[in-house]
Amino acid sequence: MTRSVVSLIIAISLCTISLLPAVAAESCDDPLGCIEVVPDDPIVVGAMLVMSGAINYLGEDTLGGVELALLERDYTLLEREIELVVEDSLCTAEGGQTAAQRLAADPSIVGAIGTNCSSAAQGAIPIISDAGMVMIAPSNTSPSLTNDDIASGGSHLPGYFRTSQNGLIEGTRLAEFALLALDANSLATVHDGDPYTEGLSRAVADTFAELGGDVLFEGAVNKGDTDMASILTEIAVHQPDVIYVPLFEPESNFFAAQMQHIVGLEDTIIIGGAASFSSSFPDNTGEAAVGIYVSGPLVSGEAYDELLVQWHEEYGVEPPSGYHAHAYDATNLLLNALEAVGVAADDGSLLFGRQAIRDAIAATEDYPGLTGSLTCREDSPFAGDCSPGTALAVFVITEAEVYDDHWPPPVAWNFAIDSFK
Amino acid sequence: MSIFKWKTDEFSWVDFTIDVLRVLIVLGVVVGAWNTLSSGRISFAQWVNLFAAGLSQGSIYALIALGYTLVYGILLMINFAHGEVFMAGAFSTVFLAEALNRTGFLNEQPLLAILLMILFAGLVSMTVAILLERVAYRPLRGSPRLVPLITAIGASFFLQYTFRGLYGSGFKAYPQVKILQGVISIGDINIPIVQIFVFCSALILMLGLYWLVERTRIGKAMRAVSENKEVARLMGIDIDWVIMFTFGVGGFLAGSAGVINGMFRPQGVNFFMGFIPGIKAFTAAVLGGIGNIPGAMLGGLFLGVIEAIGPNLVLAGLGIPGANQLKDVIAFTMLVLVLIFRPQGILGERLSEQKA
């Protein structure tokens with residue numbers, strides 16, 4: 001009898017304990033549910049960045065931006081400590097998928113910064129969206145990521161935002177630059193099948209043709225290719241004025257280095273993409289890199305200068321790439337949204353409605369970020385785009401070996417200032 | 001003997017299909033090449049450029065292929081970790097090359113510096129190859145042939161991730177040697193000096209190996225072990241030492257190929273860089289006749305040239321889009337064709353069951 005009573009008491013206690021979160025969650029009426037941060041627990045922010053591989057400098061660069069944004073708030077939000085969890089999303093769809101699965105499996109994560117690469121974003125978006133989470137990408141540019149129309153190759157789903165410029169805008173501007181600033185009449189494009197490189201190549205070619213230029217060749221290389229002689233010879237048959245090559249390293253190194261030996265391409269100009277916007281590009285390419293134009297982010301202003309001072313104090317080196325300001329802005333968008341929607345429950349827990357976080361980010365309008373005035377759009381093909389697209393420039397490489405204080409190279413065209421008229 | 005077996009022997013659908021395939025392939029190659037050449041799209045100078053680049057790439061394949069063929073000749077096993085032996089030398093030496101470049105020695109004494117790098121890379125790869133033989137393969141000698149084959153694949157992954165752990169997952173690049181930059185011009189034709197260097201260096205190493213195998217006592221011992229291990233043992237040859245030496249020689253050639261490759265294509269040095277060249281070199285070894293040293297040399301050069309000119313000459317002429325992306329397809333199609341039509345390779349001999 002006594003044993004039965006004890007068992008009953010234990011069973012009732014266990015049921016009561018298991019129901020406690022449900023009782024607390026009762027005050028949450030968000031359609032996607034709430035993230036509950038119990039007293040004394042930190043607010044956990046996720047990051048899916050490329051921390052290994054050929055372009056890990058991009059991950060380090062953007063991680064620095066995230067950390068500085070958190071540091072500015074003393075890693076504190078709504079009187080809670082903020083904890084940062086970083087997952088390596090690599091620069092592949094599989095990497096993005098794995099990183100997203102790890103973050104989605106942790107119910108305490110309030111949102112994520114990332115991914116760096118568009119290919120990784122394609123793997124991550126469905127998982128993050130299904131989990132009711134948000135991700136704000138600091139360096140994705142593929143047009144497909146903000147396109148709602150699945151039938152036309154779009155992959156946007158609710159919960160995805162970015163502070164980097166859409167490739168459609170970048171492509172349009174680069175085509176204008178080639179045609180109007182470089183006086184090029186003909187163009188060839190080369191991508192590697194990655195959504196980032198393919199999207200940009202498509203956008204540049206389309207605009208170049210619309211503006212009256214001749215697109216003579218649109219081709220691709222395989223990731224991992226080291227021999228570019230075959231495609232370069234094919235391009236030389238067409239003799240374009242400009243080749244647009246938004247490839248990642250090391251393919252971009254091989255392409256530029258081998259082009260110097262191809263008969264027929266002696267006077268052809270190369271424009272590279274932001275995937276090669278790193279001091280490692282000229283270092284690894286050598287003399288052949290001199291004279292190549294590379295598009296990349298260009299941020300300026302007092303607030304950015306202050307961030308750079310903070311960067312030097314914190315890390316003691318130059319930022320390895322140009323997307324740290326975008327990551328800083330992305331982190332602030334997330335933290336602002338959390339601040340706006342966070343509700344304190346009776347037991348001292350903090351509740352964040354998942355849909356409320358999405359709505360708060362989507363409602364961002366004229367936010368004065370480092371990369372410009374950010375307004376998040378909902379209209380496809382710009383759904384989730386928050387960048388004004390002004391922090392963009394074309395640089396020209398002038399040195400084969402680049403030292404930290406010589407990077408970035410001189411600006412050839414600043415889209416925020418220079419005009420084609 | 002007739003070309004078409006089914007005409008002389010009893011009719012066989014298999015033989016008939018293979019013959020049809022043979023005719024279609026020849027027809028495809030002829031039509032593609034004719035279309036390309038008759039269109040005149042690619043100039044003679046550009047063809048020479050492609051050929052020279054292919055010959056250089058082929059020289060590197062040949063050096064790696066020699067490692068496969070030496071080991072196969074003596075143990076009848078495919079050392080699938082040999083691509084990683086190549087990577088070990090190339091990846092380790094990139095740090096030495098950077099140091100030599102920083103001190104200025106690389107451009108002050110370029111030939112000495114390159115020789116130093118080749119020796120260093122050769123020694124690193126030789127050490128890795130010998131350790132591989134001693135630790136992973138020797139204990140399995142006498143096991144069914146599938147066992148060392150699977151072990152080799154495992155060793156390949158082990159080496160990749162060991163070097164990733166040692167040097168990181170990022171890409172490195174060899175510094176460019178000024179003396180190797182520039183071109184030699186003959187009319188419209190420009191041959192990059194570095195490609196001449198690659199071909200000549202590989203040729204010297206290959207001739208050195210041929211001399212070692214044909215003209216020295218240890219070479220004679222290697223040939224004896226290759227013919228019949230038991231008889232060689234009875235003749236007083238230390239089989240274990242000869243096998244280890246063979247692995248070492250193959251490793252040294254692979255390491256040297258790593259540095260020569262670094263002069264030719266300086267970028268993209270990382271822990272995974274040995275995988276594709278390893279498979280291509282294996283293809284080259286099979287193409288030339290695995291176990292046959294001149295065959296591996298010839299197979300490497302042949303594969304390099306076919307890969308370089310095949311996409312533009314044949315595939316583009318057949319109107320296949322993205323021909324340059326099918327370079328690897330050409331290489332592996334060659335392997336399949338050789339296995340179908342001449343399993344012993346270009347210079348290989350049919351092995352008796354006793355030896356095989």
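The loop between β5 (109–114) and α4 (118–130) of chain A is a good place to start, since A:Thr115 lies there. The peptide bond leading into this residue, from A:Gly114 to A:Thr115, is cis, with omega near 5 degrees. Please keep in mind that this is a predicted model. Below you will find the backbone details, the nonpolar core, the domains of chain A, the contacts between the chains and a helix pair in chain B.

**Backbone details in chain A**

- A cis peptide bond also runs from A:Ser380 to A:Pro381, with omega near 10 degrees.
- A:Pro381 sits in the loop that links β16 (372–374) and β17 (392–396) of chain A.
- A:Tyr75 is not a glycine, yet its phi is positive, near 50 degrees. You can find A:Tyr75 in the loop between α2 (56–72) and β3 (76–77) of chain A.
- A:Tyr75 has 16 C-beta neighbours inside 10 Å; buried would need 20 or more and exposed 12 or fewer, so A:Tyr75 counts as partly exposed.
- A:Glu79 also has a positive phi without being a glycine, at about 65 degrees. The loop that holds A:Glu79 runs between β3 and β4 (80–88) of chain A.
- A:Glu79 has 7 other C-beta atoms within 10 Å; the limit for exposed is 12 or fewer, so A:Glu79 is exposed.

**The nonpolar core**

- In soluble globular proteins, nonpolar side chains tend to be buried together.
- Here the largest nonpolar core has 231 residues.
- From chain A, the residues with the most contacts inside this core include A:Ala124, A:Ala178 and A:Leu338; from chain B, they include B:Ala62, B:Leu63 and B:Ala65.
- Helix α3 (residues 44–75) of chain B supplies the largest share of the core, 16 residues.
- Both domain 1 (34–164 + 323–374) and domain 2 (168–296 + 392–414) of chain A give residues to this core, so it lies between them.
- Setting aside neighbours within four places in sequence, A:Leu338 is in contact with A:Ile43, A:Leu77, A:Val110, A:Phe352 and A:Ile357.

**Domains of chain A**

- The domain assignment splits chain A into domain 1 (34–164 + 323–374) and domain 2 (168–296 + 392–414).
- Taken over C-alpha atoms, the centres of domain 1 and domain 2 of chain A are 31 Å apart.
- Between these domains of chain A, 11 residues of domain 1 are in contact with 13 residues of domain 2.
- On the domain 1 side of that contact in chain A, α4(A) gives the largest share, three residues.

**Where the two chains meet**

- On the chain B side, 30 residues are in contact with 29 residues of chain A.
- Two or more residues each on this side of chain B come from α3, β2 (189–192) and α13 (293–315) of chain B.
- The largest share of the side of chain B that touches chain A comes from α3(B), with six residues.

**A helix pair in chain B**

- Helix α4 (residues 82–103) and helix α12 (residues 275–288) of chain B have axes that come within 8 Å and cross at roughly 130 degrees.
- At that angle, α4(B) and α12(B) are therefore oblique to each other.
- The crossing in which α4(B) passes α12(B) is right-handed.
- From α4(B), the contact is made by B:His82, B:Gly83 and B:Phe86; from α12(B), the partners are B:Phe275, B:Pro277, B:Gly278 and B:Ile279.

Note on methods:
Residues numbered from 1 in each chain as written. Chains lettered and ligands numbered in written order. Predicted model: local features only at pLDDT ≥ 70, side-chain atom pairs only at ≥ 80, totals over all residues. Helix = DSSP H or I, 4+ residues; strand = E, 2+ residues; numbered from the N terminus. Core = buried A, V, L, I, M, F, W, Y, C linked by C-beta atoms within 7 Å. Domains from an automatic or database assignment. Contact = placed C-beta atoms within 7 Å. Axes fitted to C-alpha atoms, helices over the stretch in contact; angles between N-to-C directions. Parallel < 35°, antiparallel > 145°, perpendicular 65-115°, else oblique. Left-handed = near helix turned anticlockwise from the far one by under 90°.
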